[in-house]
Amino acid sequence: MPVVIYIDADDTRHEIDVEAGYSLMEGAFNHRLKGMLAECGGAAACGTCHSYIEAGWLERLPTIEDLEEAMLCAVPGRRSNSRLACQIRVTEDLDGIILRIADN
């Protein structure tokens, strides 16, 4: 099972086994990590799963689609490495990915 490394708002590092096929948001939300609010349940409609992907991982992720891009334009604190965790499905290729949960 892939391991996802989440860094929460308190800078606490959480290494969590997330089943392939689940989203990065679901992995964090299911473990009640601070800051992963997931208010829309993964529909890319709220931005409350906004996260910063660590360097070296962005190129392994699927391209941002229009819906995610539109929502990211509306979130405060957007950076070049911003993504919505609900739009990224965990795969074996993402084993070890590191993301910092934004101030959601």
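Reader: Let's start with a single residue: is A38 buried or exposed?

Author: A38 is buried, because its relative accessible area is 11%. Buried means under 20% relative accessible area, exposed means over 50%, and partly exposed is in between (1.4 Å probe, protein chains only). Before we go on: this is a predicted model, where local features need pLDDT of at least 70 and side-chain atom pairs count only at pLDDT 80 or more, while totals for chains, interfaces and linings use all residues. Residues are numbered from 1 along each chain as its sequence is written, and side-chain values use heavy atoms, with hydrogens and water left out.

Reader: Where does A38 lie, and what is its phi?

Author: You'll find A38 in the loop between α1 and β3. Helices (H or I, at least four residues) and strands (E, at least two) are DSSP runs, numbered from the N terminus. The phi of A38 is positive, about 55 degrees, although A38 is not a glycine. If you want a distance from there, L24 is 14 residues from A38 in sequence and 11 Å away in space, C-alpha to C-alpha.

Reader: Which residue in the loop between β1 and β2 should I look at for positive phi?

Author: Try D11, which sits in the loop between β1 and β2. D11 isn't a glycine either, yet its phi is positive at about 65 degrees. D11 counts as exposed because its relative accessible area is 54%, whereas A38 is buried.

Reader: On to cysteines. How many disulfides does the structure hold?

Author: A disulfide is a covalent bond between the sulfur atoms of two cysteines. In practice you look for a pair of cysteine sulfur atoms within 2.5 Å. Here the structure holds zero disulfides.

Reader: Why is there no bond from C49 to C86?

Author: Because the sulfur of C49 is 3.7 Å from its closest cysteine sulfur, the one in C86, and that is too far for a bond. Start from C86 and you get the matching result: its closest cysteine sulfur is in C49, 3.7 Å away, again too far. C49 is buried at 3% relative accessibility, and C86 is buried too, at 5%.

Reader: How many salt bridges does the structure hold?

Author: Side chains of opposite charge can pair when their charged atoms come close. The cut-off is a side-chain nitrogen of Lys or Arg within 4 Å of a carboxyl oxygen of Asp or Glu. The structure holds six of these. One of them joins K34 to D10, with the closest N and O atoms 3.2 Å apart. That pair links distant parts of the chain, 24 residues apart: K34 is in the loop between α1 (24-30) and β3 (50-53), and D10 is in the loop between β1 (3-7) and β2 (13-17).

Reader: What is the relative accessibility of K34 and of D10?

Author: K34 has 47%, so it counts as partly exposed. D10 has 48% and is partly exposed as well.

Reader: Which residue forms a salt bridge with R83?

Author: That's E68, with the closest N and O atoms 2.8 Å apart. This pair also links distant parts of the chain, 15 residues apart, with E68 in helix α2 (residues 66-72) and R83 in strand β4 (residues 82-84). Both E68 and R83 are buried; for R83 the relative accessibility is 4%. R83 and L72 are eleven residues apart in sequence, and their C-alpha atoms are 7.2 Å apart in space.

Reader: And which residue pairs with E69?

Author: R78, with the closest N and O atoms 2.9 Å apart. E69 is partly exposed at 30% relative accessibility, and R78 is partly exposed at 33%.

Reader: Where is V75 found?

Author: V75 is in the loop between α2 and β4. V75 is buried, because its relative accessibility is 11%. Measure up to C86 on your screen and you'll see eleven residues in sequence and 14 Å in space, C-alpha to C-alpha.

Reader: Last one: which residues form the negative surface patch?

Author: D17, E92, D93 and D95. Patch residues have over 30% relative accessible area and no salt bridge; like charges are joined within 9 Å, and nonpolar side chains (Val, Leu, Ile, Met, Phe, Trp, Tyr) within 5 Å. Within this patch, E92 is found in the loop between β4 and β5 (98-101), and its relative accessibility of 53% makes it exposed.

Terms used. Areas by Shrake-Rupley, 256 points an atom, 1.4 Å probe, with all protein chains shown as cover. Lys, Arg positive; Asp, Glu negative; His and termini not counted. Charge placed at Lys NZ, Arg CZ, Asp CG, Glu CD.
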